[in-house]
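Trainee: I have a structure open and a list of terms to justify. Can we go through them one by one?

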Amino acid sequence: MKTLLSEHYNLEDISLTKMEGYNSSNYRVDAKQGKFVLKVYPVQEKADVLAETAMIQQLAFLPEDAVSNPIKNVTGDLVTHALIDGEEKILRLMFFVEGQFIAEATHTDKVLRSLGSFIGKIDHHLIGYKNIGIQARNLDWDLKNINVSRQLKHHITSTSDRKLVEHFFIQWDQHVYPKMTQLRKSIIHNDANDWNVLVKDDQVSGIIDFGDTAHTAIIFELAITLTYAMFGKDDPIASAIPVIEGYQAEFPLFEEELDLLYYLIAGRLCMGVCTTANEKKLQPDNKYILISEAPGWELLRKWITISPVFARNQFYEAAGFELDTVPSEEEILTRRHKFISSIFSVSYRKPLYVEAAAFQYMYDKTGNTILDAYNNIPHVGHQHPKVVEAAQRQMAQLNTNTRYLYDPLQEYAEKLLSKFSSSLTKVYFVNSGSAASDLAIRLAQKHTQRQKMVVMEHGYHGNTRLGVDISHYKYTSKGGTGLSENIIEATIPDTYRGLYKNNNGEAGQQYAGDLIKKIKQSEGEIAGFITEPIVGCGGQVPLAKDYLKLVYKSIREQGGVCISDEVQTGFGRLGSHFWGYEMYDIVPDIVVLGKPMGNGHPIGAVITSDAIADSFDNGMEFFSSFGGNPVSCAIGFAVLNVIEEEKLQQNSLDVGDYFINELKRIQQQLDCIGDVRGSGLFIGIEFIKDENLDPDTALAALVKNELRNRNILVSTDGPYDSVIKSKPPLCFTKENVDQVISELHDIISK
Ligand code: PMP
């Protein structure tokens, strides 16, 4: 190599050092004549190398030492043909660009602004520049070819990381793809990463590596520059601002381009981590590949916590554009109440006006990221990509009803029933928890040929006529019409606030004993008994130990059936068990499912035994237009898969235990927290005024609303509305818990 350099470039006293790179072979050359970079390429890449060299020459307007200008060989050519180890190669010698890599420099606002301005100048200058070689390129590293790296996502081993990438790819389809053809195109450097940009005297002074230069959307340039400028930053958006300001001053952006920037940055990050995941397997010893892996992941994990609305607003401001005005909550409420009855309540004193959501985060209209510590319907996370994809795929293929044969129905039924014990063998698909509990009661009444139902104090099971009749929470509350005929109430076996408090089995026996006396009074007339394993609307009250075993026995002995409403507690939420009833070592005859089943898509179901299903099958058809349709089945199936793949039941146990322990820790310091209870990520915090357990409704309301003002969602419930409920998506993390605990502690202390 040295001989070649002296022969073709007249260099003397040469020393060579290999430089790390993704694919090419690069050498640093120190010679008597100065410092150079030598790049060696396969001969087939000659046209490409010449195109790249022409591109560098096009940037002659920059100071001489800003780019690695090519050096002609002794015959006046920009490339040199040479035989190396018997193979024909192309050599290209360039000046070495001096400076400190921006990756190693302090990122003052001045440096970042100069970065934007440097890149903006280049992009401005290149507008209209034609270079057939570059225009003909079709690089995997061009963001418009993001689907190439997308296909490598399966190489990412962590499921929680992979789902982030999948989410942002879907956001790309949603936001970027439809706009792609309308974006301004030009030739851009396309790789202003932090090891390609050089700084001197607090100013960006140079850029190297034109290997990824492409003719593509100009806004990709800024997206890539920002991606790397934000690496390792506590507040990435704050670092993006000066870069955009600098860029905008040299090359004015369009609003439509800024609208996409959040998703383009995410796309670039995803492209990077997918490529790295693959390359790590192909080139395990190449350290260069790993350079941006850790900061890339760090930024991607942070990116999901940054609202796209916030990012867009900040980018707009940096570029000097006016923000859209967001209507006030009052305006929205007025508009809503024109058509929507106020019987549909709105949570919080300051209602939440939302734009989008992802996993445990919701993004409001004004740019806040809200930590969702409340909603259990998006069980595996808001907008989970696997669920979204399943829905989109099936919706585009077939949606019909159970009067026809199609595979998703059997497949889902089989998978769902595999989660139950062997006595539960039949499923009826409906569209809500209410439809399911209504049907469950009909099944019980048909099977037993009786009407009476035993229901739990503070229980809620649905909004149908029958649903309200069996829901103490509804029929005793405002507007309720009281106890209906054929309803028997069971006192809630609450060991905190109730009559019996010893939860080692004694209270359970006492509560059960009281109910059994009532059952005996209607002996032979009771069709069934329905309860949740932990009574949600009662304020997350677990049933006293041994209670259910004894009550189930008594109900069955007199010919009735036992129904477990798992709408809130099912699908692994409780951590220790997949179904709530399993906590009490019993198996119901009928199970009611809903909420988490479709992660927000309306699916409910009733599960029962062959015997009960046979009794119901009396000639009258049971038909639900939407229950069990292929789209719902595909979604339900995807939800079960995600729970398994992401080990969400285990996460619920780990994070839930941590949450409960942290709450118990602050309970020691705060007398107003009377009780902390629940299981997994199904938690209740009861507020009291004094040792007599006087409920502190006002404090619970204050805490709920103040948490909401601090962008954390929880709710209140229970007979005195004095219990804070938290039942977040099961992807909730310990860091999320820390945030809740710290704000909760602060609010109460104040
Ligand atoms: N059962 C329980 C325990 C519930 O919490 C609910 C809903 N809150 C229902 C049934 C009714 O479900 P849906 O709102 O889907 O009709």
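Mentor: Let us take the helix pair, then the helix at the start, then the domains. Keep in mind that this model is predicted.

Trainee: Why are H6 and H14 called oblique to each other?

Mentor: The axes of H6 (residues 159–176) and H14 (residues 385–397) cross at roughly 45°. Angles under 35 degrees count as roughly parallel, and 65 to 115 as roughly perpendicular. The crossing angle of roughly 45° fits neither range, so the pair is oblique.

Trainee: What makes the contact between H6 and H14?

Mentor: H6 gives Lys 163, Glu 166, His 167 and Ile 170. H14 gives Pro 385, Lys 386, Val 388 and Glu 389. The axes come within 9 Å. By type, the contact residues are three nonpolar, one polar and four charged.

Trainee: Which residues of H1 are buried?

Mentor: In H1 (residues 2–9), they are Leu 4, Leu 5, His 8 and Tyr 9. Buried means under 20% relative accessible area.

Trainee: How do you know that the buried residues are on the same side of H1?

Mentor: They cover an arc of only 100° around the axis, so they share one side of H1. Thr 3 and Glu 7, on the other side, are exposed.

Trainee: What covers the buried residues of H1?

Mentor: Strands E1, E2, E3, E4 and E5 are among the elements that do. After H1 comes Asn 10, with a positive phi near 55°.

Trainee: How many Å separate the centres of domain 2 and domain 4?

Mentor: 58 Å, taken over C-alpha atoms. The domain assignment gives 101–319 for domain 2 and 434–558 for domain 4.

Note on methods. Residues are numbered from 1 along each chain as its sequence is written. This is a predicted model: local features need pLDDT of at least 70, side-chain atom pairs count only at pLDDT 80 or more; totals for chains, interfaces and linings use all residues. Side-chain values use heavy atoms; hydrogens and water are left out. Axes are lines fitted to C-alpha atoms, for helices over the stretch in contact, and angles run from 0 to 180 degrees between N-to-C directions. Helices (H or I, at least four residues) and strands (E, at least two) are DSSP runs, numbered from the N terminus. Contact means heavy atoms within 4.5 Å. Ala, Val, Leu, Ile, Met, Phe, Trp, Tyr, Cys and Pro count as nonpolar, Asp, Glu, Lys and Arg as charged, and the others, Gly among them, as polar. Buried means under 20% relative accessible area, exposed over 50%, partly exposed in between (1.4 Å probe, protein chains only). The arc is that of the directions from the helix axis to the C-beta atoms. Domain bounds come from an automatic or database domain assignment.
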